[in-house]
Amino acid sequence: MKHTEGPWAEAGIVGERFNIMAGAYTVAHVVMDGEHISDKSAYANARLIAAAPELLEALEAACRLDYFNEHNALASQARAAIAKATGE
């Protein structure tokens, strides 16, 4: 299954959560409980999640480059991250 098309954006706080939006659609909520996850960490998590489609696209593009694939350790790590993100 393919993820919701990007771009995604951190769309501010609603109650005790940050919303991650793809246009008019909510794709994720990041909860900040103040006890286990600080507000700063929750905001950092929200930004990271919002960047996920672009990060995935950049990794996939890098893996198509011959030069990148010559560096096997980094290319293997990138392919593992892509597999984790895509469920493959």
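For sorting residues by class, Ala, Val, Leu, Ile, Met, Phe, Trp, Tyr, Cys and Pro count as nonpolar, Asp, Glu, Lys and Arg as charged, and the others, Gly among them, as polar. With that in hand, the largest pocket of this predicted model can be described by its walls. Its lining has 9 nonpolar residues, 1 polar and 1 charged. The residues in question are H3, W8, A52, P53, L55, L56, L59, A81, I82, K84 and A85. Two elements each give two or more residues to this lining, namely α1 (39-63) and α3 (72-86). The largest share, 5 residues, is contributed by α1. The space in the largest pocket comes to about 180 Å³.

Helix α3 deserves a closer look. It has 15 residues, and the distance from its first C-alpha to its last is 21 Å, close to the 21 Å expected at 1.5 Å a residue. Which residues of α3 are buried? They are A75, A78 and I82. These residues lie on the same side of α3 because they cover an arc of only 60 degrees around the axis. The cover over the buried residues of α3 includes α1 and α2 (66-69). I82 thus appears twice in this account, as a buried residue of α3 and as part of the lining of the largest pocket.

The opposite side of the helix can be traced as well. On the face of α3 turned away from its buried side sit the exposed residues N72, A73, Q77 and K84. K84 is also listed among the residues that line the largest pocket. Just after α3 comes G87, with a positive phi near 75 degrees.

Attention now turns to the strands. N19 is found in strand β2, which spans residues 17-22. Is N19 buried or exposed? Its relative accessibility is 9%, so N19 counts as buried, the cut-off for buried being under 20%. Setting aside neighbours within four places in sequence, the contacts of N19 are A9, E10, A11, G12, V14, A28 and H29. Strand β1 covers residues 9-14, and the contacts of N19 include A9 and V14.

A final backbone detail comes from the segment before β1, where P7 is placed. The peptide bond leading from G6 to P7 is cis, and its omega is near 0 degrees. For readers following the model by eye, W8 is one of the residues lining the largest pocket, as is H3.

Technical notes
Residues are numbered from 1 along each chain as its sequence is written. This is a predicted model: local features need pLDDT of at least 70, side-chain atom pairs count only at pLDDT 80 or more; totals for chains, interfaces and linings use all residues. Side-chain values use heavy atoms; hydrogens and water are left out. On a 1 Å grid over the protein atoms alone, a cavity is a set of points where a 1.4 Å probe fits but cannot get out, and a pocket is an open set with protein on both sides within 12 Å along at least five of seven lines; lining residues have an atom within 4 Å of a point. Grid points are joined across faces, edges and corners, and a volume is the space filled by probe spheres set on the points. Helices (H or I, at least four residues) and strands (E, at least two) are DSSP runs, numbered from the N terminus. The expected span of a helix is 1.5 Å times one less than its number of residues. Buried means under 20% relative accessible area, exposed over 50%, partly exposed in between (1.4 Å probe, protein chains only). The arc is that of the directions from the helix axis to the C-beta atoms. Contact means heavy atoms within 4.5 Å.
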